[in-house]
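The following exercises are to be worked through with the sequence and the coordinates at hand. Each task is followed by a solution in steps.

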Amino acid sequence: AALATTTALLAQPTLAETVGFAQIGSESGWRAAETTVTKQEAEKRGIDLKFADAQQKQENQIKAVKGFIAQGVDAILLAPVVATGWDEVLKEAQEAEIPVVLLDRMVDSDKSLYLTAVGSDLVHEGNVAGEWLVKDVGDKPCNVVELQGTTGSSPAIDRKKGFEDAIAGHDNIKIIRSQTGDFTRTKGKEVMESFLKAEDGGKNICALYAHNDDMAVGAIQAIKEAGLKPGTDIKVVSIDGVPDIFTAMAAGEANATVELTPNMAGPAFDALAAYWKDKTEPPKFIQTESKLFTQADDPQAVYETKKDLGY
Ligand code: GYE
């Protein structure tokens, strides 16, 4: 029986493509969901996925990509933690004829160094968040504190810009403090605590703009501990659409979020399948949708649809 099993295994076709996924880490609920969904999408397609978690460090990610090249994988998915510093390793992949697909963040490198990028319009997301605030505050004066994402990452740069563009020309709205919270709940809470202290216990703050929901969730905790009501005393607007922010919205403690799908891998694998088949070149950017949700959108119901999706 043992011999029969061995023979059966040997007889299996070895057609499965191998894809290396150089993931950033697990800094946020959104990131964790992206990892889960990527594994599911690979399994659905019979793709052998090699997963590397870089613990938020670019050097680890570069090592992982080099490792995938050495293994001779059929493609590499890269969620680049920061935007700069990728030229050399992307050139190595290209020389090895291994297509690279960027997921959810962009690089500053020349477009010819990767096959395509799957992601949202990150400037637009910041813009939608800013426009929501402009509409919500009307003519009232509003001091905003901003929690930025990871320094040097494309979402931190672009979401800042998009928001600033949206409030430009509305002189009643001012960003009075802005600091990185590294896309994590812990840092979001910590930095919000320092903002509250510096701004008269929070009395001088009208709204929080966080570059992701996790930092907002941490900040909501800090606002409550300072004796203020998040969602009312301090408005909260953020980005991602993770289940926890919908729970916070249902409780009146968060006001708005811009949804980002964690399924970047589906479109990436589809593009790769076409490329593997007959070298079909996908467009350089495959854009996912961004949608605004507020307390008026039945957040509890949205939560129910999301809670089992791998977050
Ligand atoms: O919004 C944040 C994550 O790169 C767009 O990274 C992504 C961001 C996402 O940690 O939660």
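Two strands pair if DSSP finds at least two bridges between them. Helices (H or I, at least four residues) and strands (E, at least two) are DSSP runs, numbered from the N terminus. Residues are numbered from 1 along each chain as its sequence is written. The model is predicted: local features need pLDDT of at least 70, side-chain atom pairs count only at pLDDT 80 or more, and totals for chains, interfaces and linings use all residues.

**Exercise 1. The parallel sheet**

Task: Determine the order of the strands in the open sheet with parallel pairing, and identify its edges.

Solution.

Step 1. Begin with E1 and E2. Strand E1 (residues 18-23) pairs with E2 in the parallel sense over six bridges, and Phe21 stands opposite Phe51 in E2.

Step 2. Turn to the other partner. Four bridges join E1 to E3, and the two run parallel; here Gly20 stands opposite Ile76 in E3.

Step 3. Continue outward from E3. Three bridges join E3 to strand E4 (residues 100-103), again in parallel, with Leu77 opposite Val101 in E4.

Step 4. Assemble the order. The open sheet has six strands in the order E2-E1-E3-E4-E5-E11. Strand E2 (48-53) and strand E11 (285-287) each have a single partner strand, so one side of each is left without a neighbour in the sheet. From one strand to the next, the twist averages 20°; axes are lines fitted to C-alpha atoms, for helices over the stretch in contact, and angles run from 0 to 180 degrees between N-to-C directions.

Step 5. Examine the burial of E3. A residue is buried if 20 or more other C-beta atoms lie within 10 Å of its own, exposed if 12 or fewer, and partly exposed in between, with C-beta atoms placed from the backbone. In a regular strand the side chains alternate between the two faces of the sheet. In E3, Ala75 and Leu77 on one side and Ile76 and Leu78 on the other are all buried.

**Exercise 2. The mixed sheet**

Task: Describe the open sheet with mixed pairing and establish how E9 is placed in terms of burial.

Solution.

Step 1. The six strands follow the order E7-E6-E8-E9-E10-E12. At the edges, strand E7 (173-180) and E12 each pair on one side only. The twist averages 15° from one strand to the next.

Step 2. Strand E8 (residues 207-210) and E9 pair in the parallel sense over three bridges, and Ala207 stands opposite Lys235 in E9.

Step 3. Six of the six residues of E9 are buried, so the strand is largely enclosed by the rest of the structure. Lys235, Val237 and Ile239 cover one side, and Val236, Ser238 and Asp240 the other.

**Exercise 3. The nonpolar cores**

Task: Identify the residues that touch the most other members of the largest nonpolar core, and the helix that gives the most to it.

Solution.

Step 1. A nonpolar core is a set of buried Ala, Val, Leu, Ile, Met, Phe, Trp, Tyr and Cys residues joined through C-beta atoms within 7 Å.

Step 2. The largest core has 48 residues, of which Ala129, Ala207, Leu208, Ala216 and Ala219 touch the most other members. Helix H8 (residues 213-225) gives the most, with seven residues.

Step 3. Another core, of 39 residues, lies apart from this one; Phe68, Ile76, Met264 and Ala268 are among its members.

**Exercise 4. The ligand shell**

Task: Which residues come nearest to the ligand, and how does the shell divide by residue class?

Solution.

Step 1. A residue is near the ligand if its C-beta atom, placed from the backbone, lies within 6 Å of it. Of the 13 residues around the ligand, Ser28, Trp30, Asp104, Phe183 and Asn212 come nearest.

Step 2. Helix H2 (29-44) and strand E9 (235-240) each supply at least two residues of the shell.

Step 3. The shell divides into five nonpolar, two polar and six charged residues. Ala, Val, Leu, Ile, Met, Phe, Trp, Tyr, Cys and Pro count as nonpolar, Asp, Glu, Lys and Arg as charged, and the others, Gly among them, as polar.

**Exercise 5. Positive phi**

Task: Where does Gln55 lie, and is it buried or partly exposed?

Solution.

Step 1. Most residues other than glycine have a negative phi. Phi of Gln55, however, is near 50°, a positive value.

Step 2. Gln55 lies in the loop between E2 and H3. With 13 C-beta neighbours inside 10 Å, Gln55 counts as partly exposed.
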